[in-house]
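Morning, everyone. I will take a few minutes on one structure, and I would ask you to keep it open while I talk.

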Amino acid sequence: MGVAATVIAKAYGAVDMAVAAATPFAQKRFHQGWRACQALSGMRDTPSGPYFARALLASRWRCALLLRYALRLTRPQLRTFLEDRVTYEGAAYAQHVFNGTRPVILAAPHYGPAPIGFVAAAHRMSGRRTLNLFYDTQHLAPQIALLFERGGIDATTLLDGLPGVLAASRALSRNEFLVMMPDAFDDITQTLALPFYGRMLRVAPGTAFFALRTSAWIVPVMATPARQLGVHVTIGRPIDPLRFAGLEEPQAIFLLSRALFTTFEREIRRAPEHWYNWETFPRVSTCVAPPGRLDDDAPLRLLRDKCEASPYLLQDVPELEILVR
Amino acid sequence: MDTFTTIQRLAAERLDIPMDTLLRARTFGEAGIDSLATLDLITALEGRFGIAIAPEDLDGVHSLSDLAAVVDRLVTRASHACEEALA
């Protein structure tokens, strides 16, 4: 990395550390973490408390700093940044998918410095460098487009609504890559409810729908800020929609979305402060009934019925057979 | 049968929506048609009318009547192109 970039990185790194240390003293009205904790109060199985509030606010600052820093880098500097300061986890799982000929959906929740995660994931792909993204064309897209352009990625920003949906479908038909963030809750008319963090979360079925229609692999990609202005990118195990091809479409959409959100939940539980939707979560999810008594075998009977209805469940978790026998 | 009626019938048949709901609805949302279902309808329309609908054509399309107008425009354009090629 050049001298100027190193100086900038050190400066940002210092601010990053100072902000992370100072966030407990931020005023309440500016404190996103405090607001999120208020929204989550009284809920079972969700993070809470002053430590989480501080961690959440620190995460927002760190992600914003990272994005600002990445946007200042020139093309060669960004490439060096991706090689020196980004660590990858699980990239080997997805390599055969990236090298293959089928279309790919890079799916991520609104979590951490996601745009940098997508650029980093694309950096790991060999050969295919065309990404299609749904991004807010008014506000965020110019910046994000610049980041992708400097990362050497040919990114196409898709329009919102019906034209975007058709464009995404066509892009996947051309075996291109599509970036989707299925945990967007602003404008959803048709949703399905999935178990997530001990509640039933209403999510958009679009990712699973596209994957099933175009046989696109779904690769979960999640980025978290690391120390000293670094980024850690976790590339999840690719999900093959063809596993669910024999089922009826609504059932396949549910199971595919469930598989994706299980991956998301596992990663979010590792570092919950980086998820952007904690404030919204109580509004877009509903409580499930509390567990029954230990001598009540109703949950086991329910599990047995589910296993019979979905043979894939038993293939994925063979231990279930012992439980429901 | 005009284009609008054809689209209504196609939507009723493909998306399993009662015809009277489609007749009353002013937007896709009111008819209970989400963007993914519209995608199915568009694919069916492309096959039925022999046209290719581009994403840009759907800018500002919010209802079945808007979609009918787009299909009419594309069919007219395609027939003009065909006439020019034959001339």
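I start with a single side of one residue. Leaving aside residues up to four places away in sequence, A:Tyr93 touches A:Ile235, A:Arg237 and A:Pro238. By contact I mean that the C-beta atoms of two residues, placed from the backbone, lie within 7 Å.

Before going on, the ground rules. This is a predicted model, in which local features need pLDDT of at least 70 and side-chain atom pairs count only at pLDDT 80 or more, while totals for chains, interfaces and linings use all residues. Residues are numbered from 1 along each chain as its sequence is written, and chains are lettered from A and ligands numbered from 1 in the order in which they are written.

Back to A:Tyr93. The residue lies in helix α5 of chain A, residues 91-99. Helices and strands here are DSSP runs numbered from the N terminus, with H or I and at least four residues for a helix, and E and at least two for a strand. Is A:Tyr93 buried or exposed? Neither quite: A:Tyr93 counts as partly exposed because it has 13 C-beta neighbours inside 10 Å. The scale is this: buried means 20 or more other C-beta atoms within 10 Å of the residue's own, exposed means 12 or fewer, and partly exposed is in between, with C-beta atoms placed from the backbone.

The C-alpha atom of A:Tyr93 is separated by 9.5 Å from that of A:Val219, with the two positions 126 residues apart along the chain. A:Val219 has its own list of contacts, again not counting residues up to four places away: A:Ala94, A:Val97, A:Val104, A:Leu106, A:Ala107, A:Ile235, A:Gly236 and A:Pro238.

That leads to the core. The largest nonpolar core has 99 residues, and A:Ile105, A:Leu106 and A:Val219 touch the most other members. Helix α3 of chain A, residues 50-72, gives the most to this core, with eight residues. A nonpolar core is a set of buried Ala, Val, Leu, Ile, Met, Phe, Trp, Tyr and Cys residues joined through C-beta atoms within 7 Å.

Now some strands in chain A. Strand β6, residues 192-196, pairs with β7(A) in the antiparallel sense over five bridges. Pairing requires that DSSP finds at least two bridges between the strands. A:Leu192 has A:Val203 in β7(A) as its bridge partner. On its other pairing, β7(A) is joined antiparallel to strand β10 of chain A, residues 285-287, by three bridges. There, A:Arg199 is partnered by A:Cys287 in β10(A).

Which residues of β7(A) are buried? In this strand, residues 199-203, the side chains of A:Arg199, A:Leu201 and A:Val203 point to one face and are buried, while A:Met200 and A:Arg202 point to the other and are not. In general, side chains in a regular strand alternate between the two faces of the sheet.

β6(A) and β7(A) form a hairpin with two residues between them. A:Tyr197, in that turn, has a positive phi of about 50°, although it is not a glycine. A:Tyr197 is buried because 21 other C-beta atoms lie within 10 Å. A:Leu229 also has a positive phi, near 60°. A:Leu229 sits in the loop between β8 (217-226) and β9 (230-235) of chain A. With 23 C-beta neighbours inside 10 Å, A:Leu229 counts as buried. For context, most residues other than glycine have a negative phi.

Next, chain B. It has five helices and zero strands. Its C-alpha trace spans about 45 × 25 × 20 Å along the principal axes. Buried residues make up 21% of its 87 residues. Helix α5 of chain B, residues 64-86, has 23 residues and reaches 33 Å from first C-alpha to last, close to the 33 Å expected at 1.5 Å a residue; the expected span is 1.5 Å times one less than the number of residues. In α5(B), B:Leu64, B:Leu67, B:Val70 and B:Val71 are buried. The buried residues of this helix pack against α1 (3-15), α2 (19-24) and α4 (35-49) of chain B.

Last, where the two chains meet. The contact takes 14 residues from chain A and twelve residues from chain B. α8(A) gives the most to the side of chain A that touches chain B, with eight residues.

That is all I have; questions, please.
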